[in-house]
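Visitor: I should like a close look at a single part of this molecule, namely one helix and the elements around it. Please describe that part and then place it in the wider chain.

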Amino acid sequence: MMTINMTDTVDTLVIGAGVIGLAIARRMAVAGREVVVLEAEDAIGTGISSRNSEVIHAGIHYVEGSLRARLCVAGKEALYDYLQSHGVPFRGCGKLVVATAEDEVPSLDAIEAKAKANGVDDLTRLDPDQVSDIEPAVKCAGALLSPSTGIFDSHAYMLALQGEAEDHGAAIAFSSPFEGGVITGDGITVRVGGAEPTEIRCRHFINAAGLGAQSVATGIEGFPAEHIPPLYYAKGNYFILTGKSPFERMIYPVPGPVGLGVHSSVDMGGQCKFGPDVEWIDAPDYDVDPNRAGKFYEAIRRYWPDLPDGALQPGYVGVRPKLAPEGQPPADFTVRGPETHGIAGMVHLFGIDSPGLTSSLAIADHAAGLLGLG
Ligand SMILES: Cc1cc2nc3c(=O)[nH]c(=O)nc-3n(C[C@H](O)[C@H](O)[C@H](O)COP(=O)(O)OP(=O)(O)OC[C@H]3O[C@@H](n4cnc5c(N)ncnc54)[C@H](O)[C@@H]3O)c2cc1C
């Protein structure tokens, strides 16, 4: 266990050992920087990074030119290379985006055009017979096949990032919550809580605290409040399929305005799950309401009519850190560096929901670039 001394001054301090903090720590350490990560919990990846779909997204659905679109596409390429070269389990199984009724077929054209604009030009259009040939359980009016969508073992990935960061000298202080900070002339002084509260100074400060990012930013004396976006919570519930998956690929309906619809994915252990849905909540809670099953059966049967009664069991919940409330268009990833808030050496990452896992390596490059450490 790492011990922090009152007198320590480090080059780079990262708050949060989720996938984003770990990717940044690894990026900085490999570049030869001295890195310390403060993590409130006693292990890596216990936050948003452990409650998601573990999908490597192709980058199809995001607004052209947005950070989400750019970092997803760049991150996907980097992630596949990383997983391959570091022996992290993954499967490029592909996904189908299905029009569940004739009136959704024109949406497939729009999705294909959006994907192309984002640099994703490997989609193939399939008619219902072609879909039946490769996914006999799926009924639809047409589909797009995305071959570069995949799944991976996100925990093994985070362990690889942690291992590589530590091999290059980074240290992760567990059970060490950030409790406040002060901007001084030559860096930032941070108060660390936990069993042995202490202080640490740093020249570069990166806030990758996920659902806690706004609270961390608010805790820094002198940090301008107008650069801290509001935080809203959108819960995503999953239901697990009992029995064998009827699909080879992931199956997504044409997406709605906020989430990607009740889609199916299979994890690396072969378990088929459905979700996440979108449930706006006032504060994080991680209980699946079994009464939501009815809506899942209804949504899934639009593309898998033979889903048997009683086949779904409540699974788990992930909570998205949203920056726009229900009813408003989703906000982009919001990564604020010195060029926006004017404080040298400081980067805050807000609203890193999906596709944050896929984008993680590209987000790390982006954060380093904002600090001039590219
Ligand atoms: C339902 C759902 C499904 C998703 N599916 C996908 C997907 O299939 N593919 C994909 O690419 N992305 C997906 N995502 C997005 C992805 O999971 C997130 O973007 C990513 O995990 C965010 O990682 P993070 O490191 O920012 O946050 P976290 O993993 O939450 O890490 C933040 C860390 O900061 C720590 N922390 C907080 N406050 C403090 C403090 N004061 N002091 C010290 N430490 C602190 C926390 O303990 C935590 O460990 C999904 C997200 C959700 C919610």
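Guide: In this predicted model, the C-alpha centres of domain 1 and domain 2 lie 32 Å apart. The domain assignment gives domain 1 as 9–50 + 155–229 + 331–370, and domain 2 as 95–147 + 231–322. Between them, 7 residues of domain 1 are in contact with 7 residues of domain 2.

The part chosen for a close look is helix H9, which covers residues 356–370. The approach to H9 deserves attention. Pro355 lies in the loop between strand E21 (346–350) and H9, and the peptide bond that joins Ser354 and Pro355 is cis, with omega about 5°.

One partner of H9 is helix H1, residues 19–30. The axes of H1 and H9 come within 8 Å and cross at roughly 45°. This angle is why H1 is described as oblique to H9. The crossing of H1 past H9 is right-handed. On the H1 side, the contact is made by Val19, Ile20, Ala23, Ile24, Arg26, Arg27 and Met28. On the H9 side, the residues include Gly356, Leu357, Ser360, Leu361, Ile363 and Asp365. Sorted by class, this contact of H1 with H9 has 11 nonpolar, 2 polar and 3 charged residues.

Another partner of H9 is helix H2, residues 67–85. Here the axes are 6 Å apart, and the helices pack at an angle of about 105°. An angle from 65 to 115 degrees counts as roughly perpendicular, and therefore H2 is roughly perpendicular to H9. H2 contributes Leu67, Leu71, Cys72, Ala74, Gly75, Lys76, Ala78, Leu79 and Tyr82 to the contact. H9 contributes Leu357, Thr358, Ser359, Leu361, Ala362, Ile363 and His366. The residues of this contact of H2 with H9 divide into 11 nonpolar, 4 polar and 1 charged. Leu357, Leu361 and Ile363 of H9 appear in the contact with H1 and also in the contact with H2.

From H2 one may continue to helix H5, residues 154–167. H2 and H5 pack at an angle of about 80°, with their axes 11 Å apart. H2 is therefore roughly perpendicular to H5. The contact joins Leu79, Tyr82 and Leu83 of H2 to Tyr157, Ala160, Leu161 and Glu164 of H5. By class, the contact of H2 with H5 has 6 nonpolar, no polar and 1 charged residues. Leu79 and Tyr82 of H2 take part in this contact with H5 and in the contact with H9.

Strands may be considered next. An open sheet is formed by 3 strands in the order E3-E8-E4, with antiparallel pairing. Its edge strands are E3 (55–56) and E4 (90–91), each of which pairs on one side only. E3 and strand E8 (residues 150–152) pair over 2 bridges, and Ile56 has Gly150 of E8 as its bridge partner. Glu54 is found in the loop between strand E2 (35–38) and E3. Its phi is near 55°, a positive value in a residue other than glycine.

Two further loops complete the view. Ser175, in the loop between strand E9 (171–173) and strand E10 (178–184), has a positive phi near 50°. A cis peptide bond also joins Gly275 and Pro276, with omega about 0°, and Pro276 is placed in the loop between strand E17 (272–274) and strand E18 (279–281).

Note on methods:
Residues are numbered from 1 along each chain as its sequence is written. This is a predicted model: local features need pLDDT of at least 70, side-chain atom pairs count only at pLDDT 80 or more; totals for chains, interfaces and linings use all residues. Side-chain values use heavy atoms; hydrogens and water are left out. Axes are lines fitted to C-alpha atoms, for helices over the stretch in contact, and angles run from 0 to 180 degrees between N-to-C directions. Helices (H or I, at least four residues) and strands (E, at least two) are DSSP runs, numbered from the N terminus. Angles under 35 degrees count as roughly parallel, over 145 as roughly antiparallel, 65 to 115 as roughly perpendicular and the rest as oblique. A crossing is left-handed if the near helix is turned anticlockwise from the far one by less than a right angle, and right-handed if clockwise. Contact means heavy atoms within 4.5 Å. Ala, Val, Leu, Ile, Met, Phe, Trp, Tyr, Cys and Pro count as nonpolar, Asp, Glu, Lys and Arg as charged, and the others, Gly among them, as polar. Two strands pair if DSSP finds at least two bridges between them. Domain bounds come from an automatic or database domain assignment.
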